[in-house]
Amino acid sequence: MISWFVLYVFCLNIFGYILMGIDKKRARKGFYRISERALWIIALLGGTVGMIIGMYMFHHKTKKWYFKFGLPFFMLLQISSVFYLYDFQYG
């Protein structure tokens, strides 16, 4: 069970990282953008670490306070939830 969860989180973080890069590239070229709503959905599903890395690697959404502070906040919530659920199940 844990290995599936790790694979899920890993893939979602890679996907979040790639989405940040794609959206930045589209922003530079003036193409149709990925909605902020879609980015937040990926973050809420567990892709926050990849999105934070992508945000700073691509210098994308770094001036938007709700991404700059919101993504780390959700990351902390997700990490604490995982520890709580693990302790609840195995502790």
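This is a short tutorial dialogue on reading the features of a predicted model.

User: Let's start with the overall picture. How many helices and strands does the protein have?

Analyst: This predicted model has 4 helices and 0 strands. From the N terminus on, the order of elements is α-α-α-α. Along the principal axes, the C-alpha atoms fill a box of roughly 50 × 25 × 20 Å. Of the 91 residues, 29% are buried. If you take contacts between residues at least 6 apart in sequence, 66% of them join residues at least 24 apart.

User: How do I read helix H1, and what span should its residues have?

Analyst: Count the residues and compare the expected span with the model. Helix H1 covers residues 2-29, and at 1.5 Å a residue its 28 residues should span 40 Å; the end C-alpha atoms are 41 Å apart, which agrees. After H1 comes Gly30, which has a positive phi, near 75 degrees.

User: Which residues of H1 are buried, and what do they pack against?

Analyst: Here is the general idea: an α-helix has 3.6 residues a turn, so residues three or four places apart point the same way. In H1, the buried residues are Leu12, Asn13, Gly16, Leu19, Met20, Gly21, Asp23 and Lys24. The buried residues of H1 pack against helix H2 (36-57).

User: Now the surface. Which residues make the nonpolar patch?

Analyst: Ile2, Phe5, Val6, Tyr8, Ile41, Leu45, Val82, Tyr86 and Tyr90 make a nonpolar surface patch of about 870 Å². H1, H2 and helix H4 (70-90) are the elements that each give two or more residues to the patch. H1 contributes the most, with 4 residues. Take Val82 as one case: this residue is found in helix H4, and its relative accessibility of 38% is why Val82 counts as partly exposed. For the whole protein, the exposed area is about 6700 Å², with 73% of it supplied by carbon and sulfur atoms.

User: Next, charges. How many salt bridges does a search of the whole structure find?

Analyst: Side chains of opposite charge can pair when their charged atoms come close. Here the search finds 3 salt bridges. One of them joins Asp23 and Arg33, with the closest N and O atoms 3.0 Å apart. This pair links distant parts of the chain, with Asp23 in helix H1 and Arg33 in the loop between H1 and H2, 10 residues apart.

User: Are Asp23 and Arg33 buried or partly exposed?

Analyst: Asp23 has 0% relative accessibility, so Asp23 counts as buried. Arg33 has 32%, so Arg33 counts as partly exposed.

User: Which residues are joined into one network by salt bridges that share partners?

Analyst: Let's build it pair by pair. Lys61 and Glu36 meet through their side chains in a salt bridge of 3.0 Å, N to O. Lys61 lies in the loop between H2 and helix H3 (65-68) and Glu36 in helix H2, so this pair ties together parts 25 residues apart in sequence. The side chains of Glu36 and Lys64 also meet in a salt bridge, at 3.3 Å, N to O. Lys64 is in the loop between H2 and H3, so its pairing with Glu36 of helix H2 ties together parts 28 residues apart in sequence. Glu36, Lys61 and Lys64 are thus joined into one network by salt bridges that share partners.

User: How accessible are the residues of that network?

Analyst: Lys61 is buried, with a relative accessible area of 10%. Glu36, at 24% relative accessibility, counts as partly exposed, and Lys64, at 32%, counts as partly exposed. The cut-off behind this reading is that buried means under 20% relative accessible area.

Key:
Residues numbered from 1 in each chain as written. Predicted model: local features only at pLDDT ≥ 70, side-chain atom pairs only at ≥ 80, totals over all residues. Heavy atoms only, no water. Expected span 1.5 Å × (residues − 1). Buried < 20%, exposed > 50% of the residue type's maximum accessible area, 1.4 Å probe, protein only. Contact = heavy atoms within 4.5 Å. Patch = residues over 30% accessible without salt bridge, like charges linked within 9 Å, V, L, I, M, F, W, Y side chains within 5 Å. Areas by Shrake-Rupley, 256 points an atom, 1.4 Å probe, with all protein chains shown as cover. Salt bridge = Lys/Arg side-chain N within 4 Å of Asp/Glu carboxyl O.
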